[in-house]
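I opened the notebook with two topics in mind, pockets and salt bridges. The entries below follow the order in which I looked things up.

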Amino acid sequence: MSSVEPGVDLAQWGLEQARAAGADAAEVLIVSGESLSAGVRMGEVEKLKSSRERRLGVRVFVGKSSATASTAEFERKTLGEFVADTVRLARLTAPDQWSGLPDPALHPRVLPELELSDPSSGIIDADRALEIARTAERAALGADSRIKNSEGAEFDSGYYRVVFANNQGFAGEYAGTSYGLAVAPIAEENGAMQPGHWYTQNRRFERLEDAASVGLTSARRALRKLGARKIKTTRAPIVFDPDMAAGLLRALAGAASGPSLYRGASFLVGRLGTEVANAGVTIIDDGTMRGGLGSKPFDGEGLPITRKNLVERGVLKTYLLDSYSARRLGLASTGNAARSVGDAPSVSPTNLYLQPGTYSPEEIIRTVKRGLYVTELIGFGVNSVTGDYSRGAGGMWIEDGELVYPVEEITIAGNLKDMFMSIEMIGNDLAWRSSTVAPTLKISEMMIAGE
């Protein structure tokens, strides 16, 4: 980014403009960033996109009424008019007794250094990004003669900077980088085609998985789906691979988030301090991890980020809250406010993970007499109010502890309340490729709907 990026001084100026226009309280968020995405398909350039942008957002309060707006215009005369317009808009909105900035005593005085930015690699240039994508796709296409096509490979790199200040005296800023590579080959045999996919992601360029290795893994994942069969409806144990297990954590975190709770749209309402999972389950939300993809030194309201056990040995220990939902529920914010420039804070986990167990994936699979190893889920069939869970799925059928053939066009169904209580085994294969991760896990039994 340019050396003249907008900083805390501009945010403070925006706060002064809000006060001058009659706001009782205000906060300013400035986000600037730069990115480059390079994609290839069958070796040919399919995508090359470079972007640079910056936006400023304000949230202002007049009494208990508030308004939020954003702009890409940074000329001060225009910005002053924009802030004044937002204050006028706040006067027109209905008051909300729960609205307002957080308790000023909660703002951190010192911000942690979380190593969010790569000190040696900035935006990867287009030629190198294209070569990384080509290397990954070539490895996938060369892995087996049955890999005959590709949906492409894409490499992305990005830099961002966040500046936040409010009129309670808090001001902070931080920068971060991200790098990612994804490959999607297509395997073909006897006229049937099956897609595969694999990816690597990190804040440090040198910590990405090798491009050729990503390509080979994506090819294996496509090849193992060839010859997929349908199965008859049954009840059986389910083993979720790590990426699919992470989806269960996202569903639980959504049910544990403040907005779902105060709206009564969660099966976790009133469940604090009670058992919601097997005693072997501990789920952690930790925004303080150095280099974590979900880490940040303060949340979307300028409150400290913490490490907390969402579930500890099966017991729900906390909800995930911003200041607004905390007030609605008579609780304290957990530092989980997240926001985009033009929106009021919402709630989101940071680095959410299931504490790994001691079993290898192979050991878990060997315990299954007849069951399903899930490697793909389709659709969004999760009801956060009741916990009902029903999703299209694909994967590998297990017989006598061995993966014997691929299966497709099935649906797995259950209820999250029962599913988390029925987690029997947790793997030791936790890997950080996202901000929400889990190891392999086994659920004792679920309904599998097939033919």
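Entry 1, Lys-230. I began with one side chain in this predicted model, and I noted that Lys-230 is partly exposed, its relative accessible area being 44%. I then looked for its partner and found that the side chain of Lys-230 meets that of Glu-409 in a salt bridge, at 3.0 Å from N to O. The pair links distant parts of the chain, since Lys-230 sits in the loop between helix H4 (211-223) and strand E8 (234-240), whereas Glu-409 belongs to strand E17, 179 residues apart. Glu-409 has a relative accessibility of 54% and counts as exposed.

Entry 2, a salt bridge from E8. I turned next to Glu-445, which forms a salt bridge with Arg-235, and I wrote down 3.0 Å as the distance between the closest N and O atoms. Glu-445 is in strand E20 (residues 441-449) and Arg-235 is in strand E8, so this pair ties together parts that lie 210 residues apart in sequence. I checked both ends for exposure: Glu-445 is partly exposed with a relative accessible area of 41%, and Arg-235 is partly exposed with 44%.

Entry 3, a salt bridge to H5. I looked up Arg-433 and Asp-243, whose side chains meet in a salt bridge at 3.2 Å, N to O. Arg-433 lies in the loop between strand E18 (423-426) and E19, while Asp-243 lies in helix H5, so the pair ties together parts that are 190 residues apart in sequence. Is Arg-433 buried or exposed? I found that Arg-433 counts as buried, because its relative accessibility is 14% and the cut-off for buried is under 20%. Asp-243, by contrast, is partly exposed, with a relative accessible area of 21%.

Entry 4, salt bridges as a set. I noted that salt bridges with shared partners join Glu-27, Arg-59, Glu-301 and Arg-339 into one network. How many salt bridges does a search of the whole structure find? I recorded 23.

Entry 5, the largest pocket. I moved on to open space and found that the largest pocket has a volume of about 650 Å³. I counted 35 residues in its lining, and those nearest its centre are Arg-221, Met-244, Thr-375, Glu-376 and Leu-377. Several elements give two or more residues to this lining, among them strand E7 (198-202), helix H5 (242-255) and strand E17 (402-415). Helix H5 provides the largest share, six residues. By class, I listed 16 nonpolar, nine polar and ten charged residues in the lining of the largest pocket.

Entry 6, strand E7. I followed E7 a little further and found it mostly covered, with four of its five residues buried. Strand E5 (residues 171-189) pairs with E7 in the antiparallel sense, over five bridges, and Trp-198 of E7 is the bridge partner of Val-183.

Entry 7, the second largest pocket. I noted about 510 Å³ of space in the second largest pocket. Its lining has 24 residues, of which Val-162, Tyr-174, Lys-296, Ala-338 and Arg-339 lie nearest the centre. Two or more lining residues come from each of strand E1 (25-41), strand E4 (147-166) and strand E12 (337-338), and E4 gives the largest share, three residues. I sorted this lining by class as well, into twelve nonpolar, eight polar and four charged residues. I closed by marking Arg-339 for its place in both lists, since it lies nearest the centre of this pocket with four others and also belongs to the salt-bridge network.

Definitions and conventions
Residues numbered from 1 in each chain as written. Predicted model: local features only at pLDDT ≥ 70, side-chain atom pairs only at ≥ 80, totals over all residues. Heavy atoms only, no water. 1 Å grid on protein atoms, 1.4 Å probe; cavity = no way out; pocket = protein on both sides within 12 Å on 5 of 7 lines; lining within 4 Å. Points joined across faces, edges and corners; volume = space filled by probe spheres on them. Nonpolar A, V, L, I, M, F, W, Y, C, P; charged D, E, K, R; others polar. Buried < 20%, exposed > 50% of the residue type's maximum accessible area, 1.4 Å probe, protein only. Pairing = 2+ DSSP bridges.
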